[in-house]
Amino acid sequence: SPDWAEWQQDVYWQCYICRRLLSLCNVSDHLFLNYRKRSYEEAFPEALRILEKTRLLAKSRGAKFAVLNIPRFTWEGVLPNVETYQYFEMNKALERWCVGKGVSCYDTLPLLIGKEISTIRRSKTDIHFTYLGHQVVGLGLKDFLASLIRPNKNSRPPGEFVSVR
C-alpha cells in the first residue's frame with residue numbers, strides 16, 4: 001500500500017538526511033500518499049498503547065525500559081515556559097502514564113526553555129537538533145542514562161519523571 005504511517009511521513013519530511021537516504025533507495029514522496037489522518041492529540045492514545053506493548057516486551061525479555069520525551073520543537077523564537085508548549089497537556093499525560101507504570105522518563109522540554117530555537121534545530125523544515133541542541137540535551141541525558149545502567153544509592157527510582165528545571 002502506498003499509505004505510509006504518519007511517523008514515516010514525519011521521518012521523510014522532517015529529516016533531511018533520512019529523506020536523502022530514502023531518495024538514494026529510489027523512495028520518494030511520489031511513492032506514497034501524503035496525508036495525516038489524525039491530529040497528534042487523536043494519535044496520542046495509540047502512542048500510549050504502543051509504549052505499553054513495548055514496555056511489556058522489554059519486561060518479558062529482562063530489559064530496562066525508559067522513555068526519552070523530546071518535544072516537537074516547531075515553535076518560533078523562545079519558548080518562555082513549559083506551560084506554553086503546544087503539547088503541554090500531552091506531556092503531563094505521558095508523565096502520569098510513566099509514573100503509573102513505574103517507567104523512568106526523561107523530559108527534555110525544560111532544557112529548551114528560554115533558548116532561541118533556531119540555534120538548537122537545523123531549520124524550520126528539519127527539526128533535528130544542531131550540534132548545540134545535542135549538547136544541551138546530551139548533558140542531562142548522560143546522567144539519566146547512567147542512572148539506568150548503573151543504579152546506585154543516589155539513583156532515581158524507576159517511574160520517576162525527570163524534568164530539568
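Lys101 is partly exposed in this predicted model, its relative accessible area being 36%. Its salt-bridge partner is Glu52, and the closest N and O atoms of the two side chains are 3.7 Å apart. The pairing joins distant parts of the chain, since Lys101 belongs to helix 4 (residues 88-101) and Glu52 to helix 3 (residues 40-60), with their positions 49 residues apart in the numbering. Unlike a residue that counts as exposed, Glu52 is buried, with a relative accessible area of 17%, which lies under the 20% cut-off for that label.

The surroundings of Glu52 can be described a little further. Leaving aside residues up to four places away in sequence, Glu52 touches Trp97 and Lys101. Glu52 and Lys101 are also linked with Arg55 in a network of salt bridges.

**Salt bridges**

How many salt bridges does the model hold? The count comes to four, and the table sets out three of these pairs with the distance between their closest N and O atoms.

| Pair | Closest N and O atoms |
|---|---|
| Lys101 and Glu52 | 3.7 Å |
| Glu76 and Arg121 | 3.1 Å |
| Glu95 and Lys92 | 3.0 Å |

The pair of Glu76 and Arg121 again links distant parts of the chain, 45 residues apart. Glu76 sits in the loop between strand 1 (66-69) and helix 4, while Arg121 sits in the loop between helix 5 (109-112) and helix 6 (131-149). Arg121 is buried, with a relative accessible area of 4%.

The pair of Glu95 and Lys92, by contrast, is found within a single element, as both residues lie in helix 4, three residues apart, or about one turn of the helix. An α-helix has 3.6 residues a turn, so residues three or four places apart point the same way. Both partners of this pair are partly exposed, Glu95 with a relative accessible area of 23% and Lys92 at 26% relative accessibility.

**Cysteines**

The structure holds zero disulfides. Cys98 is in no disulfide, and the nearest cysteine sulfur, that of Cys105, is 4.0 Å away. Why is there no bond from the sulfur of Cys105 to that of Cys98? The two sulfur atoms are too far apart for a bond at 4.0 Å, because a disulfide calls for cysteine sulfur atoms within 2.5 Å. Cys98 counts as buried at 0% relative accessibility, and Cys105 is likewise buried, with a relative accessible area of 0%.

**The first two helices**

Which residues of helix 1 (residues 6-14) are buried? In this helix, Glu6, Gln9, Asp10, Tyr12 and Gln14 are buried. These residues cover an arc of only 165° around the axis, which puts them on the same side of helix 1. The cover over the buried residues of helix 1 includes helix 2 and helix 3, and helix 3 is also the element in which Glu52 lies.

At the surface, Tyr16, Ile17, Leu21 and Leu24 make a nonpolar patch of about 450 Å². One of these residues, Leu21, lies in helix 2 (residues 16-24), and helix 2 is also among the elements that cover the buried residues of helix 1.

Note on methods. Residues are numbered from 1 along each chain as its sequence is written. This is a predicted model: local features need pLDDT of at least 70, side-chain atom pairs count only at pLDDT 80 or more; totals for chains, interfaces and linings use all residues. Side-chain values use heavy atoms; hydrogens and water are left out. Helices (H or I, at least four residues) and strands (E, at least two) are DSSP runs, numbered from the N terminus. Buried means under 20% relative accessible area, exposed over 50%, partly exposed in between (1.4 Å probe, protein chains only). Patches are made of residues with over 30% relative accessible area and no salt bridge: like charges are joined within 9 Å, nonpolar side chains (Val, Leu, Ile, Met, Phe, Trp, Tyr) within 5 Å. Accessible areas come from the Shrake-Rupley method with a 1.4 Å probe; for residues, only the protein chains shown count as cover. Contact means heavy atoms within 4.5 Å. The arc is that of the directions from the helix axis to the C-beta atoms.
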